[in-house]
Structures are given as structure tokens and as C-alpha cells.
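Let's take a walk through this fold, beginning with a pair of helices and then heading for the core.

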Amino acid sequence: MTRLTLLNADTAPVASRPFIEKAIRNNGFLPNLIGVLAHAPTAIETYFTVGEINGRASLTLADREVVQITAARLHACDFCVAGHSALALKKAGLAAAQVVALQNGVATGDARIDALTAFTAAVIDRRGAVAAADLEAFLAAGFAAAQALEVVLGVSLATLCNFANSLAGSPINPELLPFSAGELQP
């Protein structure tokens with residue numbers, strides 16, 4: 001049960017309404033995360049602005065979704081695990097078995113994805129102060145120094161969403177339930 005009211009285009013502050021309308025256009029429904037962030041026009045604007053910036057990163061869409069699923073799993077945000085699993089499958093081209101592995105925090109069998117997952121987890125666990133070996137393994141997997149910072153950018157976006165959902169107790173939208181951990185089949 002949500003602890004904060006899920007707002008919509010009729011109930012949100014006027015400054016949040018354009019973002020709600022954009023989310024509906026982009027998704028075909030209003031994700032509950034957006035209904036929560038709409039309480040604070042600056043929070044919803046930050047989500048869209050940082051999301052757009054993150055989308056320009058040199059990390060591929062699949063890489064960015066690996067970061068998002070990993071962060072959501074570590075932050076225990078079931079909503080974001082489901083939402084980013086849907087994106088990983090529908091738009092980023094990850095295989096269902098890879099997404100299920102990411103949801104469960106186990107190896108995917110793809111060395112590059114696994115290196116990205118491990119580095120993302122280290123960034124979160126160590127609050128950026130990763131061990132030299134963690135950074136070296138990330139770089140050895142074919143990533144660049146700039147991409148290490150793009151992982152931090154992705155984690156910052158994930159933190160906003162994951163923590164907002166946890167604060168609000170946002171339920172997973174029915175449209176995303178088939179992509180939630182435990183529901184998705186490899």
C-alpha cells in the first residue's frame with residue numbers, strides 16, 4: 001500500500017503536469033513512480049532531466065539498464081526492478097535469462113555484463129570509493145574511465161527513483177507486474 005498519494009494529471013501540482021503527460025505518452029500509462037515524484041515538481045523535473053542526460057552517456061542502453069536493474073535490486077526497489085526489466089527486454093535487447101540473472105544478482109554468463117554489474121555493485125556498496133581491483137576489472141572488461149563516471153551517473157538516477165519508491169511504498173503498475181522478480185521466466 002502506498003504511503004503517499006499517487007497523483008495524476010488532474011491532482012498534481014501544475015508544474016508537474018507536463019511531466020506526467022510526457023510519461024503517459026512515453027509509456028502508454030502513468031508509472032506509479034511518476035505519480036509519486038509529481039508531489040515535488042523539482043523532483044519530477046530532476047528525474048526527467050537526469051534521465052535525458054543519462055540517455056546521452058556513452059554506455060549503451062543495455063548497459064544503462066544493467067546499472068538500473070542492479071541498483072534497484074541492491075536498493076530493494078521492486079518497482080524499478082520490474083520497470084527496468086521491461087525496458088531491458090523490450091528496448092535494450094537483453095535476453096530474458098540475462099534479465100532474470102540480474103534480478104537475482106547472479107552471473108549472466110556474459111563477461112562484459114557481469115563486469116558492469118560487479119562494478120555497479122561496488123560503486124553502491126563502497127559509495128564510490130571502489131577498490132583499485134574493482135576499477136581495474138571494469139576497465140579490463142573494455143569500459144573506459146568516462147564510463148566509470150557514467151555508472152555513477154546511472155546510480156544517482158537510480159537512487160532518486162529507488163528511494164522515492166521506497167519512501168512512498170509505490171506498488172508495481174499492473175503493466176509491469178509480468179516483468180517483476182519472480183514472475184519473469186528465462
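At what angle do helix α4 and helix α5 pack, and how far apart are their axes? The angle between α4 (residues 61-74) and α5 (residues 78-90) is about 160 degrees, and their axes lie 8 Å apart. (Axes are lines fitted to C-alpha atoms, for helices over the stretch in contact, with angles from 0 to 180 degrees between N-to-C directions; helices are DSSP runs of H or I, at least four residues, numbered from the N terminus.) The two are therefore roughly antiparallel, a label for angles over 145 degrees.

Before going on, a word on the source: this is a predicted model, where local features need pLDDT of at least 70 and side-chain atom pairs count only at pLDDT 80 or more, while totals for chains, interfaces and linings use all residues. Residues are numbered from 1 along each chain as its sequence is written, and side-chain values use heavy atoms, leaving out hydrogens and water.

Back at the helix pair, Glu65, Gln68, Ile69, Ala72 and Arg73 of α4 meet Cys80, Val81, His84, Ser85, Leu87 and Ala88 of α5, contact meaning heavy atoms within 4.5 Å.

Now for the core. The largest nonpolar one has 53 residues, and Ile44, Leu94 and Val151 make the most contacts inside it. (Such a core is a set of buried Ala, Val, Leu, Ile, Met, Phe, Trp, Tyr and Cys residues joined through side-chain atoms within 4.5 Å; buried is under 20% relative accessible area, with a 1.4 Å probe and protein chains only.) Its largest share, seven residues, comes from α9. Setting aside neighbours within four places in sequence, Leu94 touches Ala62, Val66, Ala88, Leu89, Val99, Leu102 and Ile113.

Note on methods:
Parallel < 35°, antiparallel > 145°, perpendicular 65-115°, else oblique. Buried < 20%, exposed > 50% of the residue type's maximum accessible area, 1.4 Å probe, protein only.
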